[in-house]
Structure formats: structure tokens, C-alpha cells
Amino acid sequence: MQPTIPGPNHLSQGGHARAGTAEAIRRDIEDKLFCMAGRFPEIATKNDYYLAVAYAVRDRIVHHWVRTAQSYLDKVSRTAIYMSAEFLVGPQLGKNLINLGIYDQTAEALRSLGQDLEVLLEQEEEPGLGNGGLGRLAACYMDSLATLQIPAIGYGIRYEFGIFNQQIRDGWQVERSDSWLKLGYPWEIGRPEITFEVKLGGHTEHYADATGRHQVRWVPDRKVLGTPCDTLMQGYGVDNVNMLRLWKAEAHESLDFQSFNSGDYFRAVNEKVASENLGKVLYPNDVPAGGKQLRLEQQYFLVSCSLQDMIRIYQQRIIPLDRFAEKYAIQLNDTHPAIGVAELMRLLVDEHQLSWEQAWGITQRAFAYTNHTLLPEALECWPLPLFARILPRHLEIIYEINRRFLDEVRIRFPRDEELIRRVSLIDETGDKAVRMAYLACVGSHAINGVAELHSTLLRETVLRDFYQLWPEKFSNKTNGVTPRRFMALANRELTALISRRIKNGWIRNLDQLRQLESAADDAVFLADWHRVKRANKERLATAIHAATGITVDPGTLFDVQAKRIHEYKRQQLNLLHVIALYYRLKQNPRLEMTPRTVIFAGKAAPGYFMAKLIIKLINSVAEVVNRDPQVRDRLHVVFFPNFNVKNAQHVYPAADLSEQISTAGKEASGTGNMKFALNGALTIGTLDGANIEIREEVGAENFFLFGLTAAEVVERKARGYRPREMLAGNPELQAVFELISSGLFSHGDHGLFRPFVDSLLDRDEYLALADYDSYAECQHRVAEAYRHPERWARMSVINVARMGKFSSDRAIREYCADIWNISPEPVE
């Protein structure tokens, strides 16, 4: 049985306490089962019950939403706009029960109906509307915005198919479509009466109007309609509810009757198919030209619908449009929505007849830009011919923005043509392209990175010239995570244990966890802490067995690396060490070693061959290690498939060790590192991203540090890095590569993993071999520390107690104070 957690001091459904009682919830569930599902208990399926519970919960949220919307409208509240191509919101039922304070009452109501809430939570399909950290951050911020009572709207795309579901077949990743809508999605409210026209392609016509003013008319080749589907974001312990508005692409005409009647049935529905493709799938493969075009069209569809909607909402009150930036603070979540800068200019100048100077002032005051990456390939650039073909008017606007911007630069830095070339919005080197990150910089009043190191490197490297132009625009806003989902929901036993010790105010104010430090020397509390961790590990072991058939021992060290598979995240470094441990045990079967279960989880991009080969090698190593009777009581290897928000809620609470081992200077921030640490895992990591700040907060003695610094990485590469030299004098590492090449892990196929071996020995772009010795020595310190359970538990408690900084609530407060200038608007 799950523990009872003190809920927020919160009255649901219009302040009526009775709406939150188990009896009231039971009646509502029975009513929804009958009225919404058309079922009676004897024939109702698990999905029927899940939907009934979801609709009963949604009704309570809708009551809060109506009051919230009315309050914001009456007060003309300044509103934060979070514009993002990804919102990885995760399952909604559990999170909403926590935020409404009715989790335990709902569980009781379901028990009286013969149902188990935990079973129904697993029934919920997860909308995979994000690729990983970027989309999950956006979802955490939506939770914090509502909890902090900040008026806000999130804008994104309602992808019909989200990120793929991952299956493992013969060790290889296989992608399966994410059909998250197939059983119904009760959390969204469609708004078919609201539609916006989105133009694509065509040409522009320049002319003078009756007053002699220069005008531009965009004559498109085709048009798509955008209609909104709203998911309501309930704050924790408050009545405030914000809106996540996702755009659905539709055709002007779903059926061409003339073509249909003439027997051309494919052409009859061609417009519908072409239009709906815009919202069909998250991140189409952009290697082929068609994929690039679709991705650009998706990004424009998002910003055009969103900005038109913002103007519609704005004009519900008779206020001059020149005060638009007083109403809205628009945050661009990375470069995907950066085309919004040109689109707002088009709307203001072409559609609403403002002067260029007025429109540009509004645009710059309204927009702010968050950069999430230092990797050049992620700083989007669109080929000029493609951009001109799809968005001809926007290219004209970007040319004009660029002309005026470069003239300003020339005035400040005369005769510095090299600077002009570097900062131009149009990349003139090689094939011409539009630099979207630069457009975001020029069109925004604020630019921020997402960790101290990342922000420093932004100023010193990829955006150095823009920092020299406008140092006042730049700041750091270290990412954060919501404790409601990743503690109160995901780790209910630990939440209850902490709340018994320091009460439950920390769920809203994570800084209060500092009060937990005194418990780090309480032997009884440490024993309870260890018991909770063991229970979480047993639950993960059950989930692993169900997904893979592999049995793992919860008594071993759970060493976990769960994140997107990418060479810079260095799953290959972890895997080399696993093979080294196996080699040691084979060389000395009596070797005394801390028993360890190494758990990998994460998805590889479908077109990323090396990442998929790494997954194959992980599974191949697991196959050999796990069936070897000499080692399986001391070493197990698992690849836990289909890592998503729901599975993450099993993984984070169960981890003993969190692998945050990216090459220093490559990870912008990371948020998985925060979720693991918040749940009591100790971190082994480099000085990269937010690892630096986590180590500063928890103390160097409670963090397992290894590896080169970002400066040392640059210096090592500048000297001429030769990875094969790393094997000299390291016979164990040599043996690891010999084992991989020998065919031991590939049923005798010597060539299967040759690309992996050659990549590391010939290039090793992310310096895994340079950091290997340091990593292996650090892992030895981990193993020694784990042999002392009370010491390990004490370090774990201190980690959790010092994680207050890494709440998404803190991050949102900083955005509100430093960038958005927005204050809370409580809804009574």
C-alpha cells in the first residue's frame, strides 16, 4: 500500500470541501462511467474506469480554469507565453491528483469500486510530444507557472504521433509509432470555433495603397488551418490553472467534391492529407529535402497560429496594439520558434498597418530567447532557396531586419567587415542559409543560457559577437525540475518520510529541504531512508523483469544512465567500464567486487547509426554477462526500453548512482541529473552543465567527480588528440577493445562492432578514452563508498537536502523578475 502524503491546503471545485471527499469522488466516477463511457461496472474495462476518473478530475480543474480565465481577463493580466516545439507533459492523472490534493481520496474511492488507482495510472497513454530534456523542461515550467500563480499560456503543436515507442529486437532499437490518441485523451478540450489561416509558399506583391503608403501582399500557394486543443495545467495547492494550447493542422476543405464525383478519390482528399501532415509527427527526419521542408513548415505553423491567437486574445479588450508588449512576454524555447520574430513583424506591419519602427520596438520588447545548446548542428540554419520558397514574405522581412541591424553594427564598428560577416542573419559562406539563432538574438531583448557554464560558454564562443554588441541582454537561468511530479508523485514513500520529518511545505518551496540536513545523523531516519530506497529498487526490478525478462537483485548497487543516446553523453564510456569489470571478474573469478547492476535507458534518433549501434552493443554485452554463472551474482547489465516520463518515474527513485558523464563543455544543463539527485541518487560526473552547480550545492565530498574540464578538453584537442595513445600502458583497456573486436559480444561476427571500435580509436570526438582512467578510478571510489551503507545513506540525505536550488519554481521566479517583469495573480 502506498503511504498517505499530506496534501496541499486546497479546496477543490469552487472551494467546496465536499468535492474532495472520497464519497464525492466515487459518485463522480460512477456518473462519468455512465454518462461519458456509456458503461456500467460489470462490463467496464480498465480504460473505461481510467477515463471516468480522468473526466471526474478534469471537471474540478475546469471549475478552477473558468475562474482563472475570468480573473485574468478582468485584470488584463500581463501574461508569460512559453513557445516551444516540444511539451513532454507526461501522464496527467497522477500529477493532477497530487496538485489538487485528492490523490489518497481518489485511491479510496476506487477501492470502494473494486479498482486500484496504481493500475489505472499505468493505463494512461503518454503523449510523447517531445524528444527529451527540452520538452520535459517546458512541461516542468508549465507546472511551476501555475503553482506560482503566474498568468501564462504554453503554445505548441498537437502532433498526432509523438516520439516513437522504442522496442528492442535482437538487441537493436526498433521504432514504433506513438499512437497516444488511440484510446481517447480526456485532458484536452477542443476549440473548433477558433481557427487561424496559415499561408505557405507563393509570392509577394508590392504596391502603394490609396494614401501612397508602401504595402506588401503575400499571395500563397496554399493555406492550412490551425485549430487549438487545450490542456489545462493545474497549480499545486492553488486555484490557478493555466492553459497549454496545442495547434492541430486541418485543411480548408476536407473533401473536394468535384474530384470525388469525377472518380478521382485520391485527389479528393489530397488537401486534407497534405494539410494534416503538418501536425502528423514530431520532428520528421530532416535529412531528405521533404523532411526539411515539413520541419520548417511545422515551426512556422506553430508561431503563426500562436501569434494570431495572442492578438485575438489581446483585442478582447479595446487596447491599442502598440501596447502588445505590455500584455505579453514571449519566451522562445530554443531556435525552433525563432521565425516568430519575422512573423510578428509581418502581422504588425502587413496586417495591422503599424510602421516598421513601431513594430520592431514591440517585437524586441516582447521576445526573449533561451539557448539550449552549444552544438553547432543544433543552431538551426535554413537553406535560403527552401526558405524563399516556403516563406517568401518572411525572407524579405529578415533581409530588412538584417540590413538595419548590420548598419547599426557598422556605425559602432566601422570597417570591421569580418564582424559583419560573422553576425549577419544570412550565412554567406558556402550554400547561403538563414541563421535562426541569430534572428532570435537580434529580435529579442533578453538572451539566456540554462546553466552557469553553458551561459559562460555562450558568451565566449557561439554568441560571443552578440555578447560584445549587447552584454546587457545576456543572463543565466539554470534549469530546474518540478518536485510535484518527480518527488510527490514518483517517489511517494520518500515524500511521506520527508514530510513526516519537516512537514510538506517543501513541495511548494524546495529550499525547505535544507531542514532535512539534521536527519543525516539520525540512525533511525537513515534506516527508514534505506528501507524506502530498497522498496523503490524492488519496484524497478519488477518493471525491468516485465519489460526485458531479466531478473536483477535490488540488493546490488543500481548504477543508472538514463538519457538520450548520443556520443557526447558518452554511454560508450560507461559501457567500456562495464566490459572492464567483466574482464576483471573473468581474470580473477574470486575477485571481491561490490555487486553492481548497470542500467541503461534512452532512445536514439532513428537516423543516428552510431547511437543505435551503441544500444546494440549494450544489449549484446548484457546477453553475455547476464548468462555467465561466474559473474552474474556480482555484475548485471540491463537496457530498460522505451524511456519516457512514465518509465522515468520508476527509474529516478530507484537509482543509487546517477551517471552524468558527458564531455565537459557539451551538455547545456541537463535536468536528469537534478531528478536523480532529488530522489537520493549520488552523482558520478564531469564538470559539465548543471553538474557544476549541483556539486557546489551538495558539497564536493558528496559528489564523485572525474574527467577533464571544458578548458582542458579544448586544450587537449588543440594539442592534437590521438586516442590510440590512450591504450598505451593500459593493458585492461586494450583487453576491452580486444574483447569487442573478438566477436565475443557478436556471436563471432568480428565486423559488427568495428564502426564502434574505429570511431573511438581513430577519432573519439568526445574524448571518452582521454577520460577513461579517471572515470575507472572514480568508479572504484563509488564501489568503496557503497560498501558502507550508513555513510552512503547519509550522503544521499545530504544530496536531497541541498537540492532546493534546482526547483523549476526557482527558475520561473528568476524569469519573472529578470526577463518577463510579471507578478503573481492569485485566483481566489
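In the predicted model, Leu225 of strand E9 has Glu250 in strand E10 as its bridge partner. This contact belongs to a pairing of ten bridges, through which E9 and E10 (residues 241-250) are joined in the antiparallel sense. The two strands form a hairpin with six residues between them, and in this hairpin Gly237 adopts a positive phi near 70 degrees.

Strand E9 spans residues 222-234 and is mostly covered, with eleven of its 13 residues buried. Further strands pair with E9. Strand E6 (residues 196-200) runs antiparallel to E9 and is joined to it by five bridges; here Leu200 has Arg222 of E9 as its bridge partner. Strand E5 (residues 188-190) also pairs with E9 in the antiparallel sense, over three bridges, and Glu188 stands opposite Thr231 in E9.

Strand E10 additionally pairs with strand E2, to which five bridges join it in a parallel arrangement. Within this pairing, Ile153 of E2 is matched with Met243 of E10. Strand E2 is in turn paired with strand E1 (residues 79-83), in the parallel sense and over four bridges. Met83 has Tyr155 in E2 as its bridge partner.

The burial of strand E2 (residues 152-157) extends to six of its six residues. Both faces of this strand are covered. On one side, Ala152, Gly154 and Gly156 are buried, and on the other side Ile153, Tyr155 and Ile157 are likewise buried. Two of the residues named in the bridges of E2 thus recur here: Ile153, the partner of Met243, and Tyr155, the partner of Met83.

Methods: Residues numbered from 1 in each chain as written. Predicted model: local features only at pLDDT ≥ 70, side-chain atom pairs only at ≥ 80, totals over all residues. Heavy atoms only, no water. Buried < 20%, exposed > 50% of the residue type's maximum accessible area, 1.4 Å probe, protein only. Pairing = 2+ DSSP bridges.
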